[in-house]
4 protein chains.
Amino acid sequence: MIAIVKDSATPEQLSHFVRWIEDRGFKTNVSKGENETIVGIIGDTTQIDPFLLESMDIIDQVRRVSEPFKKANRKFHPEDTVVDCGHGVLVGGGNFQVIAGPCSVEGKGLIDIARAVKRSGATMLRGGAYKPRTSPYSYQGMGEKGLDILLEASAELDMPVVTEVMDPRDVQLFLDKGIDVMQIGARNAQNFPLLREVGKTRTPVLLKRGMSETIDELLMGAEYIMSEGNPNVILCERGIRTFETRTRNTFDVNAIPVVHHLSHLPIIGDPSHSTGYTRYVRPAAYAATAAGADGLEIEVHDNPSQAWSDGAQALTPAQFDDAMRRIRVIREAICQDLDEGGVEA
Amino acid sequence: MIAIVKDSATPEQLSHFVRWIEDRGFKTNVSKGENETIVGIIGDTTQIDPFLLESMDIIDQVRRVSEPFKKANRKFHPEDTVVDCGHGVLVGGGNFQVIAGPCSVEGKGLIDIARAVKRSGATMLRGGAYKPRTSPYSYQGMGEKGLDILLEASAELDMPVVTEVMDPRDVQLFLDKGIDVMQIGARNAQNFPLLREVGKTRTPVLLKRGMSETIDELLMGAEYIMSEGNPNVILCERGIRTFETRTRNTFDVNAIPVVHHLSHLPIIGDPSHSTGYTRYVRPAAYAATAAGADGLEIEVHDNPSQAWSDGAQALTPAQFDDAMRRIRVIREAICQDLDEGGVEA
Amino acid sequence: MIAIVKDSATPEQLSHFVRWIEDRGFKTNVSKGENETIVGIIGDTTQIDPFLLESMDIIDQVRRVSEPFKKANRKFHPEDTVVDCGHGVLVGGGNFQVIAGPCSVEGKGLIDIARAVKRSGATMLRGGAYKPRTSPYSYQGMGEKGLDILLEASAELDMPVVTEVMDPRDVQLFLDKGIDVMQIGARNAQNFPLLREVGKTRTPVLLKRGMSETIDELLMGAEYIMSEGNPNVILCERGIRTFETRTRNTFDVNAIPVVHHLSHLPIIGDPSHSTGYTRYVRPAAYAATAAGADGLEIEVHDNPSQAWSDGAQALTPAQFDDAMRRIRVIREAICQDLDEGGVEA
Amino acid sequence: MIAIVKDSATPEQLSHFVRWIEDRGFKTNVSKGENETIVGIIGDTTQIDPFLLESMDIIDQVRRVSEPFKKANRKFHPEDTVVDCGHGVLVGGGNFQVIAGPCSVEGKGLIDIARAVKRSGATMLRGGAYKPRTSPYSYQGMGEKGLDILLEASAELDMPVVTEVMDPRDVQLFLDKGIDVMQIGARNAQNFPLLREVGKTRTPVLLKRGMSETIDELLMGAEYIMSEGNPNVILCERGIRTFETRTRNTFDVNAIPVVHHLSHLPIIGDPSHSTGYTRYVRPAAYAATAAGADGLEIEVHDNPSQAWSDGAQALTPAQFDDAMRRIRVIREAICQDLDEGGVEA
């Protein structure tokens, strides 16, 4: 962390500031420029509130120079994390997986969709049982019964299931049932008690980026989970809020290589929420794959206009099948000879 | 709600769509234009997902024409809500209150700040005991002990206290202790289980706008609380995220008259979080007052550069005292002869 | 366009409003709902300012239901526009082209970069002679001399050149010199006199999306050019401003299929400005291709750390060559059997 | 400017980088931390592209520590600039002025509005003759004839006029006519040829903030004008684009004290464009005044629903008169005893 000291500071004020910092256990390095003096603050500066320093009379600005995340930081863990989701399915480190299924679990019909997506190449099954809805008057999901339907399909098809947990009081239920991957939704991206609660387990967590989170904030969310002891975090780019109104969200495809650069955690793309319209889901899925995502999460429904929620962005099984064929070719195009100048080089 | 039907739709498709809507219990009204046909959908359309309709082949666009919030809507409740916060303090309906105190409760020193702010005209006391921090490694607040310190000051000075609750599992503790106003922070603005939990009580809730929430979303958060039975909601504009980096957030001063137009709920301004720097807190406080806010929440600390969190944006008691004198004059300027063409006319 | 009339309006007020609209040459269609009345306004409503109607006492809201762009609208021109850029190079309608070259023309060395990118498959040459720089103290480009250097390379390699025009007073010079494609930069996306000036020519225009423009606004920029008589517009997604700071801009990859849906104009992707860092350019280029872009514009420099501007986002010729090989495979993956359920279906 | 060098850099790479910087005429100061090394770059770093340095293999990040604007910077010019707008009207340095008039000049009726606003206390007259409209099909203003009508009113009432110039080719006409203040609109905030052109005159310029500009970018726009020799710049906060849709723009009231802190230039508030709806104009005008603005620009029209453009946000003369009475009280409240701890202290 560096603090820029104003030109107007007296030598006494500067040395008083330096002592104040050093008294808190940090080393300093003072560098005088023409119009300002820079104080480098060396040590574990994640504890310091930069706004606090900026409030001091003689301080002009404070800038972090090291990332506030540690456990999620590739600098300290250069190797890719590979998350074992059960049923033999690995995410990250070169393993590419496609999670598919309906937005909400609606009943026994789930198994038909599950069979179809598995046939086309999906390796994990998704479906919401607890739904965060912007209106208290909207359908809120089947709850525990939805989890059971998901798990039946999982057992029959030998596929891990991914489903959202919204309330820290529900985490134990998810563990007891044996849910393979707990999803944290965009609205809970900074729900710290919930992040801590899933962090106390060892169950893989699919952490979605908040609606207007930066990538650093997403990684700090992962840090919350990891700081409690759970290293099994998969990140998910699901679109961010921008001024564009022709899509539900803006798919930040850049986030994929950026996360790969900053962190060792895997990141997948969610082209369904990132666009909000069936007609744009496939181009976004291809883009995510081409940008090097470690997987995709795609909504599939056999009759989208009957879906209870978010049906607007679901693919039909036939559309999904077409997409999977192209996704495989794209994945191959970016992976071949990766060591001779591939995506990340 | 209206659906715009594409020009390319056949008469059969159109009548099929109309029947589909009517089968769900709505009335329709079809209006043919030159390039498109508009289907008005009449009834309680809060249940309909507009994205779902837009996914249908023949539909071009869907637009809501009525607000999705009801209990918070001024159309259905024209009278201002007045929230009784205890100790004789009312918010809304012409009652203007100032909440002041430190960002975090740091110990027994709270009482000195509390006395100072009361002397200057503050009528409610704030202080965080549970702190939502972006880093898991930052100080997380004193917890239950902090609540006790707050309540001691409250008792001694006969002032209601406002403090943040982050976890639905803590709500019962807040009730048992007798916290006067439960604050929901910006990061939990769409934490629906938490909103429901405070909605089950009758304790006043101070609901802060999410970092990139629209005003409609803020009102939907209030709707979540009110739909569970708790009508005592005070809204708070605390700044939104924009591209500006010279301030911590951008104070959306427009939100104050907009909320007054759309809703009967009171709204206060938080100039501390809305700016992030002590030097800008007073101009923002004056602006909020001038725009017609029903009150202010201001961080005050006797030694800001010692504060454990957010000290960067605290006023000293002397600065607060100066501010209060000006705030009273501004409040008077906008209130006088309000019925002859005042703020809202 | 529809106007939502408040419940509180009297029948006299409503009929007064309807007459006011009809007096301006529009037809109306009145539909009464439970809580509001909808007045459909039929005719060429691009002339009506919706904010004006909303200012009337009895009007609650006004919503456009048809797009404000006409000449750029696919509804009225279903066939893809194919832009002829000279030297036999076509953009759009299935023709995929890669524009490459340095950010700024720096001197005679341009020809070496041009030869390299041509060898790797680029079909058009770029290079800035007039540079819009945020600081008046930064290098502003070689000007007319830069155009001449570009045109020499163009002649030698038989490739069309693309270069930015910033000032309406320079358009004639660009015409006289025979520049193949005039680029309008993001900062001039709503510089209406400049758009009109290039609209008076028949030279192809590469119109970049403004930094925080919506897609509709981008299309209205195209409409300005087309309304003057120039149909040869190529759109370019070059990244939009978001809260993310790890990249220079956020590449809105969704914009590619959205533009294809709304408009008949071709759209290319600019992965260089969309990311701002060499290390992210290739993933973004692959993503743009996978999403169905009609081409790419990529900065290439033989020694990026010597470049006079924006060198930070240039590929080396070797990196560009690697990228082009993968881009061809990705393009093929999304194009094959396009009519049996391809990108847009 | 500081560059953070990666841990992985060898001592040779570091000293190579330092030499490269010093060869360009800068001094350096190297400070080794635990996980990174910081190189301070001392000298006129406005010439360096930080993205270029960040593209180098061994560089992690680059941060500016001094502002890129100089002539507009309060550090180098601590005294407030006072702009003389003619007719004895000064803006800045404690002088508070209100500019009022219709959005567009519509004809001879202007003089009636002008008389009314002068009577209520406005000191400058506004009116658009050249209008930047998002649609090429919208009314584009009266042009030169509009300027003449404005100047007639100016002469009769002895008030300076403010009107927008959009095209660098029109600047000479504005000079010849004797327009008192040339306004640069939000869409031209980064139209550098236009900024340079008005910079070559000595006529006061009212520079509006771009729709999604940061305050630093606004000040860089002023720098463009000032670098050509024109010091007479008045800044204007007119609202920025955010996700909020209930107002046309979001009035960034914080920008007023921030500009006062960073720059010596005056800044006024435009509550009309900042809100977009008549009903919110007055609260925003009071807020701007309370935050310490050096003036206001307000649209006033005697029959808003007849106005040719932006009538939706105009006050009637009666509303304007009411507002002016309150504005005077608010201005007094913040100015009194300013030296004993006022707005800026």
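## Interface between chain B and chain A

Chain B and chain A each bring 55 residues to their contact, where contact means heavy atoms within 4.5 Å. The structure is a predicted model, in which local features need pLDDT of at least 70 and side-chain atom pairs count only at pLDDT 80 or more, while totals for chains, interfaces and linings use all residues. Residues are numbered from 1 along each chain as its sequence is written, chains are lettered from A in the order in which they are written, and side-chain values use heavy atoms, without hydrogens and water.

Chain B is superposed on chain A by a rotation of 180° with 0.0 Å of shift along the axis, at an RMSD of 0.0 Å; the fit is by least squares on C-alpha atoms of residues with pLDDT of at least 70 in both copies. The two copies are thus related as by a two-fold rotation axis. In chain B, the C-alpha of B:Ser212 is nearest this axis, 3.3 Å from it. Of the interface residues of chain B, 100% are also interface residues in chain A, so the copies meet through the same surface.

The following table lists values for the interface.

| Item | Value |
|---|---|
| Buried area (accessible area, 1.4 Å probe, lost on being put together, summed over both) | about 4600 Å² |
| Share of the buried area on carbon and sulfur atoms | 50% |
| Share of the chain B side from B:Phe51, B:Tyr137 and B:Arg169 together | 15% |

Four salt bridges cross the interface, each a side-chain nitrogen of Lys or Arg within 4 Å of a carboxyl oxygen of Asp or Glu. One joins B:Glu197 to A:Arg169, with the closest N and O atoms 3.0 Å apart.

Technical notes:
Buried area is the accessible area (1.4 Å probe) that two parts lose on being put together, summed over both.
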